[in-house]
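Let us walk through a binding site and the empty space inside a protein. Start with the view below, then follow the text.

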Amino acid sequence: MKHLLSASDLNYNSAIRVLDTARELSLVTDRPVKKLPTLRGRTVVNLFFEDSTRTRISFEAAAKRLSADVINFSAKGSSLSKGESLKDTALTLQAMGADAVVIRHGSSGAPHRLASAGWIDGSIINAGDGTHEHPTQALLDAYTLRDHLNGGVGDLAGKRIVIVGDVLHSRVARSNVILLATLGAQVTVVAPPTLVPVGIETWPCKVSYDLDAELDGADAVMMLRVQGERMIHSYFPTTREYSRRYGLNRQRFERISESGIVMHPGPMNRGMEITADVADAERSVIVDQVTNGVTVRMAVLYLLLGGFPDDSVDSAVESDQ
Ligand code: NCD
């Protein structure tokens, strides 16, 4: 495997391989000296056409902990704001010898274009494309779920996970549904009818419009941000009405499993999709998600640049089980 463009690039064995590798690497990040020499002399470019806090610094930290050289390239302040094309930008990065390009772009499919056009020899990693996919977010969420619900090993077979909110605009939801299904979880997506994408019936999940009907005994609730900046119409009457029907508050939180967890990819609209007390509750793992993002991205860079052992994955994983 050379690129990571979609959560569907990962089959069961390769997904487990990434999670296991991240778990091993987390032992390094717990040490006082957090650096490994693995990617010394390799160059990772962070190419960000859209704003980002967590994902960009997380990829930067991951690459640096593996001793790679990191170039951060954001649209603001570069020739991209002068209208330079994706192709010319890519050719520049190729000329600089990029071994991996981590790309976030407002258009769905931009990372696929970069990977298929042949402008760049290195690996392409999708760090969020439009409303389409965000596979490393799904991996860090799967890692966090496995850590809290399964002692950090195995898969998520039989776990009940409820994903709630603005599914229409969420690349996090799509990638999570794909990966969580690959790992055996039972996923329910809950949204107002106006925020459900066309074609959701083809996704490997159940769809519901009623949050209260789905919470009892859930192993995890993943809240999605209401993405105001992508909204071209009005999708619900008022913020208050949205929170009343689809917000996670204390009463709703108390209905999930006693060991169940609350997740959010960030950035949060506190008081809208999640109340501040639930966001800060003991079983909210939102900060852990950020920590795990670094180790999971280390694993992705390590495996893609070190040569993902596609052929050995089956035997290696089977012998672990
Ligand atoms: C998400 C994104 O950018 O897709 N955030 C993230 O990567 N941590 C979700 C969001 O913006 O709501």
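**The ligand and its surroundings**

In this predicted model, the ligand sits in the largest pocket. Which residues are around the ligand? They are T55, R104, H134, Q137, R171, V172, R225, Q227, P265, G266 and P267. By class, this shell holds three nonpolar, five polar and three charged residues. Both domains contribute to the shell. Domain 1 (7-134 + 289-320) supplies at least three of its residues, and so does domain 2 (135-285).

Now look at the polar contacts. Two of them involve oxygen atoms of the ligand. A polar side-chain atom of T55 lies 3.0 Å from a ligand oxygen. For R104, an N or O atom in the side chain is 3.1 Å from an oxygen atom of the ligand. P265 makes its contact through the backbone: a polar atom there is 3.0 Å from a nitrogen atom of the ligand. How much of the ligand does the protein cover? On its own, the ligand has 320 Å² of accessible area, and the protein covers 94% of that.

Next, turn to enclosed space. Rolling a probe the size of a water molecule over the atoms shows where empty space is left. With a threshold of 30 Å³ or more, the count is one cavity. The largest cavity holds about 80 Å³ of space. Its lining consists of R54, S58, Q137, L140, H264, P265, I286, Q289, V290, G293 and R297.

Two names link the views. Q137 is around the ligand and also lines the largest cavity. P265 likewise belongs to the ligand's surroundings and to the cavity lining.

Note on methods
Residues are numbered from 1 along each chain as its sequence is written. This is a predicted model: local features need pLDDT of at least 70, side-chain atom pairs count only at pLDDT 80 or more; totals for chains, interfaces and linings use all residues. Side-chain values use heavy atoms; hydrogens and water are left out. A residue is near a molecule or strand if one of its heavy atoms lies within 4 Å of it. A polar contact is a pair of N or O atoms within 3.5 Å; within protein, one must be able to donate a hydrogen and the other to accept it, and residues adjacent in sequence count only if both atoms are side-chain atoms. Accessible areas come from the Shrake-Rupley method with a 1.4 Å probe; for residues, only the protein chains shown count as cover. On a 1 Å grid over the protein atoms alone, a cavity is a set of points where a 1.4 Å probe fits but cannot get out, and a pocket is an open set with protein on both sides within 12 Å along at least five of seven lines; lining residues have an atom within 4 Å of a point. A molecule sits in a cavity or pocket if more than half of its atoms lie within 2 Å of its grid points. Ala, Val, Leu, Ile, Met, Phe, Trp, Tyr, Cys and Pro count as nonpolar, Asp, Glu, Lys and Arg as charged, and the others, Gly among them, as polar. Domain bounds come from an automatic or database domain assignment. Grid points are joined across faces, edges and corners, and a volume is the space filled by probe spheres set on the points.
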